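Welcome, and thanks for taking a look at this model with me. Please keep the coordinates open while you read, and follow along residue by residue.

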Amino acid sequence: MDNYRVWAPYAAEVELLTGDPSAPEHHPMTGRDGGWFEADRKMAVGERYAFRMRATDGHGAPDADDEEAAGPNSDADGSDIGTGAGDWTIPLPDPRSRRQPDGPHGFSQVVDLAARDWRATDWTGRILPGGLIYEMHVGTYADSGDFAGVAKRLDHLVDLGVTHVEIMPVQPFGGDRNWGYDGVSWHAVHEGYGGPEGLQELVDACHERGLAVILDVVFNHFGPDGNYVGFFGPYTSGGDTGWGEVVNLIGHDSDEVRAYILDAVRMWLADYRIDGLRLDAVHALHDEGAFHILEQMQVVADTVAAQTGVPRTLIAESDQNDPKLVKPRAAGGFGLAAQWLDDVHHALHTVVSGEDHAYYADFGTVETLAETLRNAFHHAGTMSTFRGRVHGRPLDLSVQPLSAFVTYTTTHDQTGNRAAGDRPSMNLAPAQQALKAAVIACSPFTPMLFQGEEWGASTPFAFFCSHESDLLLRLTREGRVREFARAGWDPEEIADPADPKTFERSKLKWDELGDEPHATLLDTYRALFGLRRTRPALRAPWAGSVETKVEGRTLLLTRRADGDVVHLAANFSDEPAEVAVEARHSDLVHTHVDAPAAVGKGVVTLPAWGYAVLA
């Protein structure tokens, strides 16, 4: 293996520490070009190591009384880890660590990711169009809260018709429970989930069952707990994303920060054989360079795909309604495979639930829902009253397949961004849940389910964390209160993110599957999303395959392709309604058992919140 190296342009002197963290050996490191330091010692698999350094003038530790600085340059309890230029820091984990056995604050450990003897050697991958994504959180999906527990539940996903398993972030975090978006070691895997070997084993198990794996990654900020990168170099550039400092993509020494990100992308796709990455909040990546970091990521993904013969997929999360994300690179876009589409979710949620606060304010009519089903974006250069400005840009639907947009009835954000973390299934009748699923299943977009929605799970999914600092926990609580107050929520409803009970209540209850109404709803989901595998019209990705007709509170969604015609007649009201359909297309394919439709010649009668799929 190579010698130990670290990029630390802020350091005047660096030492490598190896062995027992309580009594490590000290090894000098030699400065190299570009701010790199190297030790005359080979990396050894399994060896524990860390770095300590003396800072150059102007790069000492911040005042421990400064709450804003309590994370990046302080230890878990907010105390200084170095008092200024000329003083040695405490041992610091490697920013490029691939293993953190004791969490983000401890010594790193050398691991050889290439040593795995993979079983699923015949895996050829899955493309996203025509697929069904299933989003999950490792700690709450599985009974044991780890990768091994997820592997034991994969048969459920196969039976449901899932093709892509999307895993929320698994980078190390403080404590033993977290959503994962506070990661600091972007090349490592949370030990409590099973560490690097556990993730590789889960990927192997998924591939053996024909399931592709998408990993959610966060490159737009560093979390506060265990964030020591500011001691090494300019990983951030000031400014605020709302979750942390802006990552340095365009400032001095930003080339190494880009390399840090791109090497992580390459590692996940090549060394872990992960099929795709979901890129969190890409609108918070401040990059004014000519070669945008997102396009660079896509080049890495294309390279790994060419080298392995297995497709690699990048999916962006963005609230900008910007077509450039999925526009082909040859046409001036970034060429990503897909992006999340919140507008369909918002339109569907408001028309069924009636909620119209905060970012739901511009939605709420069946006409708006129909518009998003045809055009993807509701805000496409139009006024957003929530933002107080014009928002978005139209898509060129003549060249843009709608399968490049991922949509859903709910996600981790849409549940966790509610004060109590309550799911739609905790507020809606089974018929209403099934109606929403029918719209997503018959839409031209790539559908995604969130763990447990397929059986109407009774458990919430609230935001939770277990930072190893009382200060950070207090700041997190206060931040949640401020955030929800702006959205009009009652502070008394807010789940305490630091309370272990908040996490425990968010874990799925698998024994519900055999009970009603959960069992019936699960059968409904299987039937609905199974139709996408059998009906060419529902697999068609182009806008020309989509027609909508709105009458009052009813919607007729018609899909046409390859001689196949499928209608979805939907009633978004609590009163029965009739929907006119083409007389020659009146065969009832599917309806919800608790709200059955009646089909006559040229008309379908729907009960309250009922739907019918006709062909």
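## Ground rules

Throughout this report, "buried" stands for under 20% relative accessible area, "exposed" for over 50%, and "partly exposed" for whatever lies in between, with a 1.4 Å probe and protein chains only. This is a predicted model, in which local features need pLDDT of at least 70 and side-chain atom pairs count only at pLDDT 80 or more, while totals for chains, interfaces and linings use all residues. Residues are numbered from 1 along each chain as its sequence is written, and side-chain values use heavy atoms, with hydrogens and water left out.

Helices (H or I, at least four residues) and strands (E, at least two) are DSSP runs, numbered from the N terminus.

## The annotated domain

The UniProt record, an unreviewed entry, lists residues 135-482 as "domain: Glycosyl hydrolase family 13 catalytic". UniProt positions are given in the numbering used here, feature names are shortened, and annotations may be inferred rather than shown by experiment. In the model, the span 135-482 is 35% helix and 13% strand, and its end C-alpha atoms lie 28 Å apart.

## Salt bridges

How many salt bridges does the structure hold? The count is 32, where a salt bridge is a side-chain nitrogen of Lys or Arg within 4 Å of a carboxyl oxygen of Asp or Glu. One of them pairs the side chains of R116 and D204, with N to O at 2.9 Å. R116 sits in the loop between β6 (108-109) and β7 (133-136), whereas D204 belongs to helix α4 (residues 195-208), so this pair ties together parts that are 88 residues apart in sequence. D204 is buried, at 1% relative accessibility.

A second example links R329 and E295, whose side chains meet at 3.1 Å, N to O. Here R329 comes from the loop between β13 (313-316) and β14 (338-340) and E295 from helix α7 (residues 293-308), so parts 34 residues apart in sequence are tied together. R329 is partly exposed at 36% relative accessibility, while E295 is buried at 16%. Salt bridges that share partners also build a network, which joins R116, R119, E201, D204 and E208.

D263 and R266 offer a local case, with their closest N and O atoms 2.8 Å apart in a salt bridge. Both are in helix α6 (residues 254-271), and because they are three residues apart there, about one helical turn separates them. D263 has a relative accessible area of 27% and is partly exposed; R266, at 37%, is partly exposed too.

## A negative patch and a cis bond

Which residues form a negative surface patch? They are D511, D515, E516 and D594. Patches are made of residues with over 30% relative accessible area and no salt bridge, with like charges joined within 9 Å and nonpolar side chains (Val, Leu, Ile, Met, Phe, Trp, Tyr) within 5 Å. Accessible areas come from the Shrake-Rupley method with a 1.4 Å probe, and for residues only the protein chains shown count as cover. Lys and Arg count as positive and Asp and Glu as negative, leaving out His and the chain ends; each charge is placed at NZ of Lys, CZ of Arg, CG of Asp or CD of Glu.

Within this patch, D515 is partly exposed at 44% and lies in the loop between α13 (500-505) and α14 (518-534). The patch member E516 is joined to P517 by a cis peptide bond, with omega about 5°. P517 is also placed in the loop between α13 and α14.

## Positive phi angles

Most residues other than glycine have a negative phi, and most peptide bonds are trans. N321 is not a glycine, yet has a positive phi of about 50°. N321 lies in the loop between β13 and β14 and is buried, with 8% relative accessible area.

W609 also has a positive phi, near 60°. W609 lies in the loop between β25 (603-606) and β26 (611-614), and its 15% relative accessibility makes it buried.

## Two contacts along the chain

V6, in strand β1 (residues 3-7), is buried at 2% relative accessible area. The C-alpha atoms of V6 and R32 are 10.0 Å apart, with their positions 26 residues apart along the chain.

H292 is found in the loop between β12 (276-279) and α7 and is buried, at 11%. From C-alpha to C-alpha, H292 and I250 are 9.9 Å apart in space, and they are 42 residues apart in sequence.
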